[in-house]
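Good morning, everyone. I have one structure to walk through today. Please look at the sequence and the model as they come up.

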Amino acid sequence: MTTTRLPRKATVLLAGLVLAALAGCGSADKEPAEALGSAAAARQPAPVKAVPAVPPGLAGMPPLLDPKDVYAADRPNNLSPLVKDFPSRVYVPNTTSNTVSVIDPKTYKVIDTIPVGIQPQHVVPSWDMKTLWVNNNRGHTLTPINPATGEAGEPVEVHDPYNLYFTPNGKYAIVMASMDRELVFRDPHTMNRVKTVPVTCFGVNHADFSADGRYFIVSCEFSGELLKVDTERMEVVGQQKLPFEGAMPQDVKVSPDGKTFYVADMMADGMWVLSGDKFDIPKLLPTGKGTHGLYVSRDSREMYVSNRGEGSISVFDFKQNKLTKKWELPDGGSPDMGGVSADGKVLWLSGRYNSEVYAIDTTTGQQLAKIRVGGGPHGLAVYPQPGRYSLGHTGIFR
């Protein structure tokens, strides 16, 4: 084999070009070998960037059974050992009669009438599920009822208790002091005042919590506003006016995946839909006249929406993100607040202006019963219900 030799001058020139190329691969203060090492390192796969951990939930809050479904603990008849032996009852606060009617859901009969304070608005299960608190709004008291016996205890003085909620960790009760324009954080057992949070909106009344429990959204009925409140700091961190003249927001409910909040509006005749995290401008989904109460089905697939102004119930499908049915009460009426039976088969609603309560089949929408009660029935509680703890109102369980 013949070897071709380059002239000496060409060899020297080629060597110079190689050295120059090597020098160009490194910085000015590196030797060529170091530069080669740097180039090799640059060709290695980039390290995987660490994904920030999801912020933990509210301290002390029991973790969700399913991070994709805040209502996973509310399946049919999934009663806690704490409440499984309580008799099944429907407790109806009558705002103008100052009583609580007690209904046996098996017979659809009123079996007891309990005298309470002035203008009882809601019957609220305590966080530990051992007590039902009757909110005597104008009587400025809470009447405890023992759900094991149905007996009422001594009233506790609490000013302007329109509605009552509990932080997801059970640390505080939150009184919705509507006329006082305050959110009052209290001891959940003694109801002693811990912190008062004045608000600038009018008519704080209903709320629900984020999936992680770190904040809750409150409706302000008389000024048509929404508040976002930091649970741990006990401070208002957001406030907005609803984009509807004369808006009157009512019940509030979070979607099963925890991403969306729904707010019933009795004057806008529909539900406001918004992201709780972003607290963005909500969009209105029309449902019916006088939209009032929101109740999630036991399988987390649907939400029942009471339309008080037209005597109907709209059914919203979470997955389809639309209304799929509307049930008309045969004799009309004023379906207001209520709850779903433990087995998920019956929706119970008070008839606010008709002194009656409706039992509605959740499969067919058929009215199963219409029961006469006292005057002005409002936030009735079906009890016991599935779940591990109560967030308040007429029964928001996790």
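One definition before we start. When I say strand, I mean a DSSP run of E of at least two residues, and strands are numbered from the N terminus. Also keep in mind that this is a predicted model.

Let's use that word straight away. The segment after strand β29, residues 381-383, holds P384. The peptide bond from Y383 to P384 is cis. Its omega is near 0°. For background, most peptide bonds are trans.

The segment after β29 also holds H393. Phi of H393 is near 55°. That is a positive value in a residue other than glycine. Is H393 buried or exposed? H393 is buried, because its relative accessible area is 0% and the cut-off for buried is under 20%.

Now the overall picture. How many helices and strands does the protein chain have? There are two helices and 29 strands. Of the 398 residues in the chain, 54% count as buried. The accessible surface comes to about 18,100 Å². Carbon and sulfur atoms account for 55% of that surface. Next, take the contacts between residues at least 6 apart in sequence. Of those, 46% join residues at least 24 apart.

Let's go to strand β4, residues 120-125. Six of its six residues are buried, so β4 is largely enclosed by the rest of the structure. Which strand pairs with β4? That is β5, residues 132-136. The two run antiparallel, over four bridges. P120 stands opposite N136 in β5. Together β4 and β5 make a hairpin, with six residues between them. In the turn, M129 has a positive phi of about 70°.

Next, a second hairpin. This one is built from β21, residues 291-296, and β22, residues 302-307. Six of the six residues of β21 are buried, so the strand is mostly covered. Four bridges join β21 to β22, and the two are antiparallel. Y295 has Y304 in β22 as its bridge partner. Five residues lie between these strands. One of the hairpin's residues, S300, takes a positive phi near 65°.

On to the nonpolar cores. The largest has 24 residues. Which of them touch the most other members? They are F261, Y262, M271, L294 and M303. Several strands each supply at least two residues of this core, including β14, β17, β18 and β19. β21 and β22 do so too. The largest share comes from β18, with four residues.

Pick out L294 for a moment. Setting aside residues up to four places away in sequence, its contacts include D251, V252 and K253. They also include Y262, M271 and M303. Apart from this core lies another, of 23 residues. Among its members are I174, L183, V218 and L227.

Now the loops around that region. G290 sits in the loop between β20, residues 283-286, and β21. G290 is buried, because its relative accessible area is 8%, against a cut-off of under 20%. G290 and M248 are 42 residues apart in sequence. In space, they are 9.5 Å apart, C-alpha to C-alpha. Beyond its neighbours within four places in sequence, G290 is in contact with M266, D269, S306, N307, R308 and G309.

That list brings us to D269. Where is D269 found? It is in the loop between β18 and β19. Phi of D269 is near 60°, a positive value in a residue other than glycine. In general, most residues other than glycine have a negative phi. D269 counts as partly exposed, because its relative accessibility is 28% and partly exposed lies between 20% and 50%.

Last topic: cavities. The structure holds two of 30 Å³ or more. The largest has a volume of about 170 Å³. It is lined by 14 residues. Which of these lie nearest its centre? They are D74, V296, R298, Q385 and G395. β21 and β25, residues 335-340, each supply at least two residues of the lining. β25 gives the most, with three.

So β21 is a good strand to find on your screen. It pairs with β22, supplies residues of the largest nonpolar core, and helps line the largest cavity. Thanks, everyone.

Methods: Residues numbered from 1 in each chain as written. Predicted model: local features only at pLDDT ≥ 70, side-chain atom pairs only at ≥ 80, totals over all residues. Heavy atoms only, no water. Buried < 20%, exposed > 50% of the residue type's maximum accessible area, 1.4 Å probe, protein only. Pairing = 2+ DSSP bridges. Core = buried A, V, L, I, M, F, W, Y, C linked by side-chain atoms within 4.5 Å. Contact = heavy atoms within 4.5 Å. Areas by Shrake-Rupley, 256 points an atom, 1.4 Å probe, with all protein chains shown as cover. 1 Å grid on protein atoms, 1.4 Å probe; cavity = no way out; pocket = protein on both sides within 12 Å on 5 of 7 lines; lining within 4 Å. Points joined across faces, edges and corners; volume = space filled by probe spheres on them.
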